[in-house]
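This report introduces a structure to a reader who has not seen it before. The text that follows may be read alongside the sequence and the model.

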Amino acid sequence: MVLRDKVVLVTGSSRGIGRAAGDAFATRGSIVVLNSRADVAAGEQAAHAIAERGGTADYLQADVSDQDDVNRLFDEIERRYGPVDILVNNAGRTESMPILESTAEHWRHMLNVNLMSTVLCSIRAARTMPAGGAIINTSSIRGFDANGREGVMAYSAAKAAVNNFTRTLAKELAPTIRVNAVAPGFVATSYMDRVEEPLRQSWLDNIPLREFITPEQIAEAYVYLAEAPYVTGTILTADAGFTLGHG
Ligand SMILES: NC(=O)c1ccc[n+]([C@@H]2O[C@H](COP(=O)([O-])OP(=O)(O)OC[C@H]3O[C@@H](n4cnc5c(N)ncnc54)[C@H](OP(=O)(O)O)[C@@H]3O)[C@@H](O)[C@H]2O)c1
């Protein structure tokens with residue numbers, strides 16, 4: 001797909017991978033809509049930075065795990081720019097909680113922010129998305145089989161559901177809309193700054209390519225899936241080899 005002048009919504013794009021994705025689509029001439037739930041100032045600043053570089057970007061606050069907010073977000077995008085051509089479901093959040101301490105509230109929150117956000121935005125987008133459009137979801141290495149991590153079980157289960165949703169939706173929306181996902185490994189976003197050196201090193205020791213992935217690299221994976229007219233139903237693992245296993 002030619003990305004120039006296409007309307008691209010990247011959810012959860014005030015920082016991290018989503019912000020890099022906004023930059024990547026804007027560089028290709030897309031009309032980019034950035035979004036976040038809480039940090040409005042960071043989202044507006046990200047849109048401003050794209051505009052300063054000559055790109056087209058807007059920012060709209062919405063909690064994409066909330067049905068009313070999702071409707072409001074898409075209605076406003078359609079009013080300003082027309083229907084969304086490319087939806088990048090990037091918003092997500094990890095929270096650690098040992099299983100025996102985990103509460104129903106924790107599980108609901110993890111499922112809402114990681115899975116329901118993807119489901120609600122995909123359904124709303126698909127209702128008006130022009131033929132040839134694309135939906136790109138964000139999974140994680142934690143969503144595959146036994147790669148789920150102890151203490152991060154609700155997040156892992158949500159991402160596993162994102163994988164199934166992606167492949168099943170790809171069947172349901174073919175041949176009109178393509179649906180794919182990226183499953184990142186360890187990406188050097190801001191949380192990495194808070195990780196103690198011994199733990200960082202132990203993660204690196206388990207990554208065959210011995211590198212953390214950059215947000216910009218995941219952004220390029222999103223762009224690839226947006227452009228590739230022959231790819232649907234794929235979960236693109238971008239993990240520097242982590243899921244190959246080690247030793
Ligand atoms: N970083 C990694 O190593 C890694 C690995 C595998 C998968 N992933 C996945 O990649 C995606 C992005 O991760 P990241 O590391 O870039 O995260 P991040 O730096 O924490 O950024 C998350 C973004 O999502 C927004 N957000 C959170 N909840 C939202 C909601 N309910 N509605 C709208 N926006 C919301 C945040 O803004 P506000 O807080 O202001 O709302 C922020 O802009 C996530 O789906 C994550 O699970 C990341």
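Helices and strands are here the runs assigned by DSSP, with at least four residues for a helix and at least two for a strand, numbered from the N terminus. The model is a predicted one.

**The ligand and its shell**

Around the ligand there are 29 residues, of which the closest are Gly 12, Gly 16, Arg 37, Asp 39 and Gly 92. Three elements, α1 (16-27), β2 (31-36) and α4 (104-128), each give two or more residues to this shell. The most is given by α1, with three residues. Sorted by class, the shell holds eight nonpolar, 16 polar and five charged residues.

**The strands β4 and β5**

Strand β4 has buried residues on both sides: Ile 86 and Val 88 point one way, Leu 87 and Asn 89 point the other way, and all are buried. Strand β5 is likewise mostly covered, since five of its five residues are buried. On one side of β5 lie Ala 134, Ile 136 and Thr 138, and on the other Ile 135 and Asn 137.

The pairings of these strands are set out below.

| Strands | Sense | Bridges |
|---|---|---|
| β1 (residues 7-10) and β4 | parallel | three bridges |
| β4 and β5 | parallel | four bridges |
| β5 and β6 | parallel | five bridges |

Individual bridge partners can be followed across these strands. Val 10 has Val 88 of β4 as its partner. Leu 87 stands opposite Ile 135 in β5, and Asn 89 is partnered by Asn 137 of β5. Asn 137 in turn stands opposite Ala 181 in β6.

Helices connect these strands in two β-α-β units. The unit made by β4, α4 and β5 is right-handed. The unit made by β5, helix α5 (residues 153-173) and β6 is right-handed as well. Helix α4 is also one of the elements that give two or more residues to the shell around the ligand.

**Helix α7**

Helix α7 covers residues 215-227 and has 13 residues. From its first C-alpha to its last it reaches 19 Å, close to the 18 Å expected at 1.5 Å a residue. Its buried residues are Pro 215, Ile 218, Ala 219, Ala 221, Tyr 222, Val 223, Leu 225 and Ala 226. They pack against α1 and against four strands, β4 (86-89), β5 (134-138), β6 (178-184) and β7 (235-238). Among these partners, α1 is the element that gives the most to the shell around the ligand.

**Ala 47**

One residue of helix α2 (residues 40-52) is Ala 47. Why does Ala 47 count as buried? A residue is buried if 20 or more other C-beta atoms lie within 10 Å of its own. Ala 47 is therefore buried, because 25 other C-beta atoms lie within 10 Å. Leaving aside residues up to four places away in sequence, Ala 47 touches Leu 34, Ala 57, Asp 58 and Tyr 59. Gly 151, by contrast, lies 104 residues from Ala 47 in sequence and 35 Å from Ala 47 in space, C-alpha to C-alpha.

Notes: Residues numbered from 1 in each chain as written. Predicted model: local features only at pLDDT ≥ 70, side-chain atom pairs only at ≥ 80, totals over all residues. Near = placed C-beta within 6 Å. Nonpolar A, V, L, I, M, F, W, Y, C, P; charged D, E, K, R; others polar. Expected span 1.5 Å × (residues − 1). Buried ≥ 20, exposed ≤ 12 C-beta atoms within 10 Å, placed from the backbone. Contact = placed C-beta atoms within 7 Å. Pairing = 2+ DSSP bridges. Right-handed = clockwise from strand over helix to strand, strands pointing away.
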